[in-house]
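Trainee: I am new to this one and would like to learn how its features get their names. Could we go through it together?
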Number of protein chains: 2
Amino acid sequence: MIDVGPSAAGPAGAARSEDDRGTLGPFPDLSGIKFDSQGLVPCIVQEWSTGEVLMLAYMSEESLRRTFETGTTWFYSRSRAELWNKGVTSGHFQRVRELRYDCDGDTLLALVEQTGAACHTGDFTCFDGRWLSPPAGERPPFLSRPER
Amino acid sequence: MIDVGPSAAGPAGAARSEDDRGTLGPFPDLSGIKFDSQGLVPCIVQEWSTGEVLMLAYMSEESLRRTFETGTTWFYSRSRAELWNKGVTSGHFQRVRELRYDCDGDTLLALVEQTGAACHTGDFTCFDGRWLSPPAGERPPFLSRPER
């Protein structure tokens, strides 16, 4: 845990980033993580409280480093070829509670507390209301949040 | 819903596949799905009842076709370069309740009823017990299942 002292004044998003710095713990050994040929690994993002899957994005070693430093999600955008801190323009940051990896070391799972909405459309998750199959006609039992 | 008549006799796994045939509905229009240069799209698999994220795997158009035909998950293995029906050797099939896609059309989310364990290690999920960050020290609120 890094002691950053009193939070610098600034916009809400920036202040939050400062406050949470270091909350994800020391930067880990990444030798068990298999980055692809572009140096990326997919990261599933799931809401800590409700269990909803919010989105899938890609992380590089540098985006992982910034995620650990700030306690909020940083990804690598393949289309824009740049790092991005989710929420930096919308204020909809994702505070990371846990970062897990799978048995093969080729997928990450971030359990986060989502501020606002995860999807750029304004939907809470990127999977809201988009079915390939017919909807099941009932809500998954784990999902306790009221309808939005 | 396709009426397939009385189930053909056979091994438990095959019988289940037969029984569930067509439960995922008619094969959908895939024009909104962005397959990558290898013709694949990542699919997040989540347990219908508990909300646990079980695994990430890749689907091709043909694996999607078989998923709709059988009501169980079919993926494309990039390492073995072949289609596989999850559970066909272990008996640990995944019955698909809903298949969703995201706002960009480049990720799928399958909500499934997992038989047995999802992970080849015997863990219920591929993310069980594997942390990059320190564990949060409490269980996510959505997760109602008892400790295993």
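Mentor: Gladly, and keep in mind that this is a predicted model. Let us begin with a hairpin: E3(A) and E4(A) form one with 4 residues between them, and in its turn Ala81(A) has a positive phi of about 55 degrees.

Trainee: How do you know that E3 and E4 of chain A are paired, and in which sense do they run?

Mentor: Two strands count as paired if there are at least two bridges between them. Strand E3 (residues 74-77) and strand E4 (residues 82-85) of chain A are joined by 4 bridges, so the pair meets the condition of at least two. The two strands run antiparallel. As one example, Trp74(A) stands opposite Asn85(A) in E4(A).

Trainee: What makes E3 and E4 of chain B a pair?

Mentor: The count of bridges again: strand E3 (residues 74-77) and strand E4 (residues 82-85) of chain B pair in the antiparallel sense over 4 bridges. There, Ser77(B) stands opposite Glu82(B) in E4(B). This hairpin has 4 residues between the strands, and Ala81(B) takes a positive phi near 50 degrees.

Trainee: Now the sheet in chain A. What is the order of its strands?

Mentor: The order is E2-E1-E6-E5, an open sheet of 4 strands with mixed pairing. From one strand to the next, the twist averages 25 degrees.

Trainee: Which are the edge strands of chain A, and what makes them edges?

Mentor: They are strand E2 (53-59) and strand E5 (94-101) of chain A, and each pairs on one side only. E2(A) has its pairing with strand E1 (residues 41-47) of chain A, antiparallel over 6 bridges. Within that pairing, Pro42(A) has Tyr58(A) as its bridge partner in E2(A).

Trainee: And how is the sheet of chain B ordered?

Mentor: Chain B has an open sheet of 4 strands in the order E2-E1-E6-E5, with mixed pairing. E2 and E5 of chain B each have a single partner strand, so one side of each has no neighbour in the sheet. Neighbouring strands here are turned by 25 degrees against each other on average, direction ignored. E1(B) and E2(B) pair in the antiparallel sense over 6 bridges, with Met59(B) in E2(B) as the bridge partner of Val41(B).

Trainee: Where does helix H2 of chain A lie?

Mentor: Helix H2 (residues 61-70) of chain A lies across E2, E5 and strand E6 (108-114) of chain A, at about 125 degrees to E2(A). In chain B, H2(B) lies across E2, E5 and E6, running at about 125 degrees to E2(B).

Trainee: Why is the meeting of Arg66(A) and Glu62(A) called a salt bridge?

Mentor: The rule asks for a side-chain nitrogen of Lys or Arg within 4 Å of a carboxyl oxygen of Asp or Glu. For Arg66(A) and Glu62(A) the distance from N to O is 3.0 Å, so the pair satisfies the rule of within 4 Å. The two are 4 residues apart in helix H2 of chain A, which means about one helical turn separates them. Over all chains, the count comes to 16 salt bridges.

Trainee: How many salt bridges cross between the two chains?

Mentor: The rule finds 2 across the interface of chain B and chain A. Glu138(B) forms a salt bridge with Arg97(A), where the closest N and O atoms are 2.7 Å apart. There are also 20 residue pairs in polar contact between the chains, both residues at pLDDT 80 or more.

Trainee: Which residues of chain B touch chain A, by class?

Mentor: That side of chain B has 29 nonpolar, 10 polar and 13 charged residues. In all, 52 residues of chain B are in contact with 52 residues of chain A.

Trainee: How much area do the two chains bury between them?

Mentor: About 4,200 Å², 67% of it on carbon and sulfur atoms. Phe127(B), Leu132(B) and Phe142(B) lose the most area to chain A in chain B, together 19% of what that side buries.

Technical notes: Residues are numbered from 1 along each chain as its sequence is written. Chains are lettered from A and ligands numbered from 1 in the order in which they are written. This is a predicted model: local features need pLDDT of at least 70, side-chain atom pairs count only at pLDDT 80 or more; totals for chains, interfaces and linings use all residues. Side-chain values use heavy atoms; hydrogens and water are left out. Contact means heavy atoms within 4.5 Å. Buried area is the accessible area (1.4 Å probe) that two parts lose on being put together, summed over both. A polar contact is a pair of N or O atoms within 3.5 Å; within protein, one must be able to donate a hydrogen and the other to accept it, and residues adjacent in sequence count only if both atoms are side-chain atoms. Ala, Val, Leu, Ile, Met, Phe, Trp, Tyr, Cys and Pro count as nonpolar, Asp, Glu, Lys and Arg as charged, and the others, Gly among them, as polar. Axes are lines fitted to C-alpha atoms, for helices over the stretch in contact, and angles run from 0 to 180 degrees between N-to-C directions.
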